[in-house]
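Dear colleague,

Please find the structure below, with the sequence alongside. I would be grateful if you could read my notes against the coordinates.

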Amino acid sequence: MPGTDEPIQVLDRQTCLALLRGVPIGRVAWADDDGRVTVLPVNFVMDGDTVVFRTAEGAKLAAVARERPMIFEADDVEPALKVGWSVLAEGPATIITDADEQRWLETLGLAPWVTDARPYFVRIAARHVTGRRLPLHPGGVHVEHMGEAEGQP
């Protein structure tokens, strides 16, 4: 399948933040003292220029408490068209303890997707944001019909 001559687009900060507002799932990552990197999925909301997610006791919360630099990544792809984007947001993470702020975040749709309690709210200040977009590859979409004999409609 032929590719495109268009280069991968480097996205500006505002475009990156707008793209993040359009997806519900991303991944948060951090490195421990031994260099081991952990990457875990989270549902999240954007509050201004910050990424906010909820969590329970565990590795994510411990990383925040130890003031680990956090990296957040989200993306969206359309495999059939070979188009998509990816955004990274890096910055310090803090635990949100103010009850009014927590209620505000819930109005933005920040609720756990799982049934176990996720009582802690974490904010990542997106100090450094980068993103890339793969250009649309027109044509080349191929549809397979499973179970049909070759040459038969």
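What follows is a short account of the overall fold and then of one strand and its neighbours.

Please bear in mind that this is a predicted model. The protein contains 3 helices and 9 strands, and along the sequence these are arranged in the pattern β-α-β-β-β-α-β-β-β-α-β-β. Of the 153 residues in the protein, 35% are buried, while the accessible surface comes to about 9500 Å², with 55% of that area belonging to carbon and sulfur atoms. When contacts between residues at least 6 apart in sequence are considered, 71% of them join residues at least 24 apart.

The strand I looked at in detail is β4, which spans residues 50–55 and is mostly covered, with 6 of its 6 residues buried. The cover extends to both faces of β4, since T50, V52 and R54 are buried on one side, and V51, F53 and T55 are buried on the other.

On the question of partners, β4 pairs in the antiparallel sense with strand β3 (residues 37–47), over 4 bridges, and M46 has V51 of β4 as its bridge partner. β3 and β4 form a hairpin with 2 residues between them, and G48, which lies in the turn, has a positive phi of about 65°. β4 also pairs with strand β8 (residues 120–125), again in the antiparallel sense, here over 6 bridges, and within this pairing F53 stands opposite V122 in β8.

With best wishes

Key. Residues numbered from 1 in each chain as written. Predicted model: local features only at pLDDT ≥ 70, side-chain atom pairs only at ≥ 80, totals over all residues. Heavy atoms only, no water. Buried < 20%, exposed > 50% of the residue type's maximum accessible area, 1.4 Å probe, protein only. Contact = heavy atoms within 4.5 Å. Areas by Shrake-Rupley, 256 points an atom, 1.4 Å probe, with all protein chains shown as cover. Pairing = 2+ DSSP bridges.
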